[in-house]
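User: I am new to reading protein structures and would like to go through one slowly. Could you take my questions in turn and show how each answer is reached?

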Amino acid sequence: MQQIINFIIRNKNFLLFLLLFGFSLLFTIQSHSYHRSKFINSANFLTGGVYNSLNNISNYFDLKSQNQLLSEENKRLRSLLQSHGVAQDSVFIDSLMFNNPYRFYTSNIIKNSYSLSNNILTLNKGRNDSIKQDFGVISSKGIIGIIDKTSSNYATVISILNTTSRISAQLKKTNHFGTLTWNGDKPEFNQLIDIPKIAPVTKGDTIITSGRSSIFPKGVPIGVVEDFQLDQAENYYEINVKLFNDMTSVEHVYIIENTNKEEITNLLSNN
């Protein structure tokens with residue numbers, strides 16, 4: 001303890017300089033938007049690089065399970081081709097791709113959180129890859145979240161396991177729609193609210209995105225109805241949705257860009 005005190009006394013001028021320098025940087029960053037944005041981008045670059053390195057190590061030990069997931073996805077795609085009568089050695093041109101406003105990018109999650117109340121994911125794609133705020137994020141099994149912030153090479157995602165998340169979703173069989181939220185409890189479940197009580201809800205019903213926003217197309221899988229009850233006013237259902245995705249182990253994702261989003265936003269803002 002005495003050695004620490006002696007060190008502080010010997011270097012008090014230098015330590016005072018570092019303290020004042022730190023305060024000056026803090027005040028400069030807080031009071032100037034340009035400096036603040038540069039600081040945030042630099043921080044994202046450094047933390048993104050660390051997460052990316054750790055993720056590469058984790059990926060090496062997780063290859064078996066990830067290969068299994070990719071094999072299952074390939075199996076589903078082959079089944080779809082077979083059900084549409086498409087030969088596996090032919091070139092399949094889907095007519096639905098024409099005039100389709102959605103563009104897809106691949107990415108990996110390099111930092112995943114699921115035990116907090118407001119969980120944020122980090123992806124290894126950013127502005128240099130044409131990724132922007134409010135792009136949707138899904139996996140081969142279903143919905144993941146929405147892009148929140150981007151740096152040059154990385155992006156953060158508001159997970160569906162985030163109490164601030166609000167996503168338009170619906171019953172697949174009836175088209176009754178509501179809002180997908182999370183109550184901060186279990187990572188296996190989301191909650192679908194504002195479904196009118198006239199909707200014929202049953203356990204096991206599939207929940208999908210409604211397509212009523214400019215972020216996700218209609219039909220992205222979310223989960224199935226686990227249980228449900230009427231709200232206090234007894235006008236709307238509160239539905240517990242068991243997610244298709246295991247949000248504690250998801251890694252490979254797709255980022256969705258709606259190329260018509262700006263046009264839709266401008267139209268709505270002029271009304």
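User: Which residue is the bridge partner of Gly-136 in strand 12?

Analyst: This is a predicted model, and that should be kept in mind throughout. Strand 3, which covers residues 136-138, is joined to strand 12, which covers residues 252-258, by 3 bridges, and the two strands run antiparallel. Gly-136 therefore has to be looked up among the bridges between these strands, since two strands pair if at least two bridges are found between them. The partner of Gly-136 in strand 12 is Ile-256.

User: In what order do the strands close into a barrel with antiparallel pairing, if we take the barrel that contains strand 12?

Analyst: Strand 12 is joined to strand 1, residues 102-111, by 7 bridges, and these strands run antiparallel; one of the pairs places Arg-103 with Glu-257. On its other side in the listed order, strand 12 is next to strand 3, to which 3 bridges join it. The twist in this barrel averages 45° from one strand to the next. Taken together, the 6 strands close in the order 1-2-5-4-3-12.

User: Through how many residues does a hairpin join strand 1 to strand 2?

Analyst: Strand 1 and strand 2, the latter made of residues 118-123, run antiparallel and are joined by 2 bridges. Among the residues that are paired here, Lys-111 of strand 1 has Thr-122 as its bridge partner in strand 2. The connection between the two strands is a hairpin, and the number of residues through which it passes is 6.

User: What distance separates the C-alpha atoms of Thr-106 and Val-253?

Analyst: Thr-106 is found in strand 1, and, leaving aside residues up to four places away in sequence, Thr-106 touches Lys-125, Val-253 and Tyr-254. Thr-106 and Val-253 are 147 residues apart along the chain, yet strand 1 and strand 12 are joined by bridges. The separation of their C-alpha atoms comes to 6.0 Å.

User: Which residue stands opposite Ala-169 in strand 7?

Analyst: Another 6 strands close into a barrel with antiparallel pairing, in the order 6-7-8-11-10-9, and there the twist averages 40° from one strand to the next. Within this barrel, strand 6, residues 167-171, is joined by 4 bridges to strand 7, residues 177-181, and the two run antiparallel. Opposite Ala-169 in strand 7 stands Gly-178.

User: Phe-228 and Tyr-237 form an aromatic pair, but is it stacked, tilted or edge-to-face?

Analyst: A search of the whole structure finds 1 aromatic pair. A pair of aromatic rings is described by the distance of the centres and the angle of the planes. The centres of Phe-228 and Tyr-237 are 5.4 Å apart and their planes make an angle of 85°. Because planes over 60 degrees apart count as edge-to-face, the pair of Phe-228 and Tyr-237 is edge-to-face.

User: Does Tyr-237 count as buried or exposed?

Analyst: Residues under 20% relative accessible area count as buried, and those over 50% as exposed, with partly exposed in between. Phe-228, at 32% relative accessibility, therefore counts as partly exposed. Tyr-237 has 15% relative accessibility, so it counts as buried.

User: What percentage of the 271 residues of the protein chain count as buried?

Analyst: The protein chain has 5 helices and 12 strands, and its accessible surface comes to about 17100 Å², of which 56% belongs to carbon and sulfur atoms. Of the contacts in the chain with a separation of 6 or more, 59% are between residues 24 or more positions apart. The share of the 271 residues that count as buried is 32%.

Technical notes
Residues numbered from 1 in each chain as written. Predicted model: local features only at pLDDT ≥ 70, side-chain atom pairs only at ≥ 80, totals over all residues. Heavy atoms only, no water. Axes fitted to C-alpha atoms, helices over the stretch in contact; angles between N-to-C directions. Buried < 20%, exposed > 50% of the residue type's maximum accessible area, 1.4 Å probe, protein only. Contact = heavy atoms within 4.5 Å. Areas by Shrake-Rupley, 256 points an atom, 1.4 Å probe, with all protein chains shown as cover. Phe/Tyr/Trp six-rings, centres within 6.5 Å; stacked < 30°, edge-to-face > 60°.
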